[in-house]
There are 2 protein chains.
Amino acid sequence: METIELKYDENGLIPAIIQDIENNEVLMMAYMDKNAFEQTLRTGKTHFWSRSRKQYWLKGESSGHTQEVKEIYYDCDKDTLLIKVIQNIAACHEGYRSCFFTKVDTKTGKPDIFMEKIFDEKKIYK
Amino acid sequence: METIELKYDENGLIPAIIQDIENNEVLMMAYMDKNAFEQTLRTGKTHFWSRSRKQYWLKGESSGHTQEVKEIYYDCDKDTLLIKVIQNIAACHEGYRSCFFTKVDTKTGKPDIFMEKIFDEKKIYK
């Protein structure tokens, strides 16, 4: 497999935007290191590096809400990935389809949760 | 205006994914600090902090390719912004509509530029 010259940051990480291939909804953003990116390519499922837990993370490992990789892009600076996936159930661990469930009113700056939960996160993550 | 409690990183920055509101294409990702975010809210045009040039940057300042802010979202961790815009001409300084003009073959890992340029960047950026 060809090695792509991606630009990882000072912590060895690159942000990966995850987009629903069916309707182009942005589902989440998370970070990969070189190893997580290679695991993602090899397995066809998204793997990340968790900055808070300091460990690798197969998306859907505990919830079953995996992401099947369909298309991979990188940007002109080679420092950001865009990955189009088929999302199983939901991307967000808080029960929403997308992590971007809060909208900011551009006039008042007021945040508002505009999405409906599609699963009960307390039953999934114990 | 209400102050949103966003989580800026150790450099005081938050990544902002910029998405075309018309077709949900992801156009680019760049970074804002608190000041750039407030400028973006106040003016309705995206402002960023350039990590390489270490200066503020109104998108479209030199090219005229501004981004009109229509909707703003943040994620469950409050550490990533998603901004839907009307993109004037193109987002990428290399002449493409989107910065994500390179696609990676998920089987071979081979990169391929699959988009057509829509402007001659040598004429715009002198």
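The questions and answers below concern a predicted model with chains A and B.

Me: What turn lays chain A on chain B?
Reply: The superposition of chain A on chain B has an RMSD of 0.0 Å and a shift of 0.0 Å along the axis. That is the relation of a two-fold axis. In chain A, the C-alpha nearest this axis belongs to A:Asn24, at 2.8 Å. The turn is 180°.

Me: What percentage of the interface residues of chain A are also interface residues in chain B?
Reply: The contact draws 34 residues from chain A and 33 residues from chain B. The copies meet through the same surface, because the share of interface residues of chain A that are also interface residues in chain B is 97%.

Me: Which strand gives the largest share of the side of chain A that touches chain B?
Reply: At least two residues of that side come from each of strands E1 (14-20), E2 (26-32), E5 (67-74) and E7 (102-104) of chain A. By class, the side has 19 nonpolar, eight polar and seven charged residues. The largest share is five residues, and the strand supplying them is E5(A).

Me: Which residue of E5(B) is the bridge partner of A:Val104?
Reply: E7(A) and strand E5 (residues 67-74) of chain B run antiparallel and are joined by three bridges. The partner of A:Val104 in E5(B) is B:Ile72.

Me: Which residue in the turn between E3(A) and E4(A) has a positive phi?
Reply: Strands E3 (residues 47-50) and E4 (residues 55-58) of chain A pair in the antiparallel sense over four bridges. A:Ser50 stands opposite A:Gln55 in E4(A). The two strands form a hairpin with four residues between them, and the turn residue with a positive phi, about 50°, is A:Lys54.

Me: Within what arc do the buried residues of H1(B) fall?
Reply: The buried residues of helix H1 (residues 34-43) of chain B are B:Ala36, B:Phe37 and B:Thr40. They line one face of the helix, because seen down its axis they fall within an arc of 100°.

Me: Which strands are included in what covers the buried residues of H1(B)?
Reply: On the other side of H1(B), B:Asn35, B:Arg42 and B:Thr43 are exposed. The helix is followed by B:Gly44, with a positive phi near 75°. The cover over the buried residues includes, in chain B, strands E2 (26-32), E3 (47-50), E4 (55-58) and E5.

Me: How far apart are the farthest two C-alpha atoms of A:Cys76, A:Cys92 and A:Cys99?
Reply: An unreviewed UniProt entry places the feature "binding site" at these three residues, A:Cys76, A:Cys92 and A:Cys99. They span 24 residues in sequence, and they do not all gather at one spot, because the farthest two C-alpha atoms are apart by 28.1 Å.

Me: Is A:Cys76 buried or partly exposed?
Reply: A:Cys76 lies in the loop between E5 and strand E6 (81-87) of chain A. Not counting residues up to four places away in sequence, A:Cys76 touches B:Cys92, B:Glu94 and B:Cys99. Because 18 other C-beta atoms lie within 10 Å, short of the 20 needed for burial, A:Cys76 is partly exposed.

Me: Which residues of chain B are in contact with A:Cys99?
Reply: A:Cys99 sits in the loop between E6 and E7 of chain A. A:Cys99 counts as buried because it has 25 C-beta neighbours inside 10 Å. Leaving aside neighbours within four places in sequence, its contacts in chain A are A:Leu27, A:Met28, A:Ala91 and A:Cys92, and those in chain B are B:Asp75 and B:Cys76.

Definitions and conventions:
Residues numbered from 1 in each chain as written. Chains lettered and ligands numbered in written order. Predicted model: local features only at pLDDT ≥ 70, side-chain atom pairs only at ≥ 80, totals over all residues. Contact = placed C-beta atoms within 7 Å. Nonpolar A, V, L, I, M, F, W, Y, C, P; charged D, E, K, R; others polar. Pairing = 2+ DSSP bridges. Buried ≥ 20, exposed ≤ 12 C-beta atoms within 10 Å, placed from the backbone. Arc of directions from axis to C-beta. UniProt positions renumbered as here; feature names shortened; annotations may be inferred. Least-squares fit on C-alpha atoms with pLDDT ≥ 70 in both.
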